[in-house]
Every structure is written in C-alpha cells, then in structure tokens.
Amino acid sequence: MTKYPVIIAGAGIGHMDHVSLGVLRKIQSADCIIYDRLMDQRLLDFAPYAEKIDAGKKKDHHKIPQEEINALLVEKHLEGKRVLRLKGGDPYVFGRGGEEALYLKERDIPFTLYPGITSGVAVPAMAGIPVTFRDTARAVTFLTAFSKDGPEDLKAYAALPSTLVVYMGLSRSRAIARFLIEGGKDKNTPMAVLSKGGTEDMRSFYSTLKDVAENGIPENLVSPALIVVGDVVDLHEELIPAPYHKGNVVLTFEDKKSRARRILEREGYRVHRRPMIEIAPVNEDKLFHAIENFSAELVVLTSKNSVDYFMKSFIINRDIRDLRSVDFYTVGEKTDEALAAYGIRSKGHPEIYDGHHLAELLKKEYAGKNLTIFYPHSVKSDPCLGSVLRTIGELVDLPVYDAIDPGKGSELPDKMSAVMFGSSSAVKNFFHHYGDENLEGTLYFAIGPSTKATLLDCGIDDNKIFMSEKATFDSLCDCMLKEMHYANAQN
C-alpha cells in the first residue's frame, strides 16, 4: 500500500482568498482533512469527497484533544490516505504544528509543510498597522498571553523596543495593559485590539495602554483577536486600506455553496451571513411509512428541501423505478434542478414561482381526474396549495421539514446597505433577535409577496422594500444589484 507524506498546512487568515495556491492544490487532492476552526470553512468545498474531521478548538473547549489529533494523523497515514492537517494562519506560529510535526518525526512518518499567512502580520496590516516601520519599529515580537501553565506575566516584555503582537489575549486586554505599564512601558503607548481579522466582521479598536488599563475594551470585540502595542499603531489613520466594497449586505438565508455571496462580492459588496432559519426534519416515521405504502400518481414539490427529504427517503426504502409512471410538478426552476439531480424531470412549474400559481396550474391540468397525490412540504407552507390539491384528488399531505429559529448569530456590521430575506420566517427571526439595530438607511429585499408582507408587518416602509422578479436567490441577487446601483447613482 502506498503511504503518502502527511501535509501540515496553513490556511491563512480570514477569507479564503488568503490561502496559497499550493495549499489549495493539496486540499483538492486530499483523502482526509483534519481541520481547525480559525479558517474559512468554504475551503472544504474544494474537497467534496474527502473525509473531513473537525478538530477545531475554542478556549476551554477542544472537540478533539491534541493527543488524539496526533494519533489521527498517524492512523489515517497508515490507512494509505493523503492526509492534510489544515490549520488557520501559519501552522508553526502558535498553532502547535511544530508539536504535530515532531510527533510524526519521532514515529518515522514523513511529512511536508506548507506555510500560511500568520495573523500577527496580516491582521495589523489590514487595520492600517505595519508591524515594522523604518525609524518607528525596527523589530517585532510575537507572544501569547497564555502558556501551557496558564496566564503569562508580560512585565518583562515592556523593556523591548519592538512592536508587540499578542496572540490569544482578548480576555486579558486590561491586565496586559497594566502589566506593560508596571513593567516600565510608557502609559501613552498606542494599543490596538483587532477582532475577527481578515473576515467580513473585522472590528478594530485603537487606544493607549493607559486608557485600556483604566477602562477596558468595547464589548463588541470578540475572539479571535490580536493585540498590537507600539508607536506603529498610530499609523493606522494614514495607512488603513481604503474601503474596497460598495457596502455591507446581510444574507439571512443559507448559502451553502456560496453562490449568492460570490455574485455579490464580484460586484464589490461585502457579504455578511446571518442565517435566520435552520432546516430540521419532522415526521420522519410518518414519511417512512408513507413511502412504504406509496401509490401516488402525482407528486407536488415546493422547495429543494422537500425534494431532498422525499427523494432520499424513497431511495432508501423503495426502488426508484417505482416512480417511472408518476407525474412530478414543482414550484419553480430551482426545484426542477434539485429534482433533476436525482434523475427525474418534472412535467412543469408555474410562470410565477409560488404556491398560489402552482395550485392554479394543477387545477387546470388535473381537475376531474381524481388522482392520488403525494405532497411533502414545510410545516410553514401556505395552506392554499394543500386546499386546492384536496379538490382534485386523494391527498397525502405530509409536512417533512420545518424552518426553525437558529438563534442570534454574530452582531450586525455597523452600517448596512441591504438585508436579503428568503422567507417570512427569516424576517420574523431577524427582527426578533436584532430589532432595528444598525438599520438606518438600509434597504430590504424579499424573495416573494409573503416575505414582503411580513416586512411590512414589522414596520418597514414600503418604499424601502424590493421584491425579486422570481422566487429564486439568483433573482433576489439580481434585484438587489439593480436597485443598489440605482440608489448609489442617485447619491
């Protein structure tokens, strides 16, 4: 059996654009990826068939202890797999990559290293802070606020003339400022705290050791974060990169393949994902028994989720050839595409993608034929379609999934140009969690009439709401780009 070297690689910081070409190639060729939390998870999409093991760590919570990670690298290597250990930033800068490499070396297991961009250099640069600068800082010191034995006493670092970049120090920001002052550092030395660097949610706080020691830092600064101390911090006013984006856009729907995000980013917008619904199965036992006794002549599908729940259950419990004489109708082209992925083509969909127009189409096509109809759908589906289906045949009406509230995610960006909604549930959950936070001057984009109606119910002015031509996310993006272009031209 061929045994491949274990690849230890850095995924860079924040956005996937910061990964090297070499690392991307290794992701694409990997059989097994053992990955960390602090990296753009979309990188895993480049390895659709690889085994993926989440070894992400948070403070006081390690999904897999380091000893088990080490053992996994050996185990997967001995199975003959191309193993990729993918870490955020650079694997050898406070990333324990050196420990993992040493573990492999001691067991005569070959390994190869692919460096990554470390946050200690890149994040300050993105915030307008060069960690070295002629005549201001001729050296830089990277340190961590914690050792394996606990919090570090950082007084000794106060005497260094270099820029100090402190990893993993957010929770000790105030204590770090006090330690450095006690160690002899000028209390007016500039200090910056940089939160979620390299991501669309990056936040920067610029201050001094004295101010942080006395007053602490704002609550909206969250992990991961870096602390930078030194005169170079004051350069941020001159060197902070010019905004490269036209505005902040919030997506409240799942964008698993990042299609909407790519469309909007390509046009210059910064995209923030705040999914406001989570899809969960319901009535799994009832669906199982309904499939076992399936005898329908018509199947009606109103979303990709209904396609997936129905088809996956059918394939597990029945021969797919049992569907060869069944008519399928869908609500729109994206649902058609989801069905086609299972090798089945629908007979059609309405010109306007919603339940009311699908009901009219089916009533016209099947009235008086007294069919047996199977209708798997969302718990929150518009009851209109089910009511019409009962008039044209014997109906198996079965909710198979629900859109539930996933809870509040990260805070919203300080200023938003647009918020995009794919359902009424997302609207309700969004305003429940965020209220009118940071919404001044924001425009709203709805995927259909019911979503728009819910926005109106939440008190949003009609002239701030725009509705997509079709009930698809592509159409919603088109609507947003068109209206934002017009709004920007007016300004």
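1. Strand E6 (residues 83-87) is covered on both faces in this predicted model. Val-83, Arg-85 and Lys-87 lie on one side and are buried. Leu-84 and Leu-86 lie on the other side and are buried as well. Note that Arg-85 and Lys-87 are among the buried residues, and that both count as charged.

2. Taken as a whole, E6 has five of its five residues buried, so the strand is largely enclosed by the rest of the structure. Buried here means under 20% relative accessible area.

3. E6 pairs with strand E1 (residues 6-10). The two strands run parallel and are joined by four bridges. Within this pairing, Ile-8 has Arg-85 of E6 as its bridge partner.

4. E6 also pairs with strand E2 (residues 32-35), again in the parallel sense and over four bridges. Here Ile-34 is bridged to Arg-85. Arg-85 is thus named as the partner of Ile-8 and of Ile-34.

5. Turning to the helices, the axes of H9 (residues 284-292) and H10 (residues 304-317) come within 10 Å and cross at roughly 60°. That angle makes H9 oblique to H10. The crossing is right-handed.

6. Which residues of H9 meet H10? They are Leu-287, Phe-288 and Ile-291. On the H10 side, the residues met are Tyr-309, Phe-310, Ser-313, Phe-314 and Asn-317. By class, this contact has six nonpolar and two polar residues, with no charged ones. Ser-313 and Asn-317 are in the contact, and Ser and Asn count as polar.

Note on methods:
Residues are numbered from 1 along each chain as its sequence is written. This is a predicted model: local features need pLDDT of at least 70, side-chain atom pairs count only at pLDDT 80 or more; totals for chains, interfaces and linings use all residues. Side-chain values use heavy atoms; hydrogens and water are left out. Axes are lines fitted to C-alpha atoms, for helices over the stretch in contact, and angles run from 0 to 180 degrees between N-to-C directions. Angles under 35 degrees count as roughly parallel, over 145 as roughly antiparallel, 65 to 115 as roughly perpendicular and the rest as oblique. A crossing is left-handed if the near helix is turned anticlockwise from the far one by less than a right angle, and right-handed if clockwise. Contact means heavy atoms within 4.5 Å. Buried means under 20% relative accessible area, exposed over 50%, partly exposed in between (1.4 Å probe, protein chains only). Two strands pair if DSSP finds at least two bridges between them.
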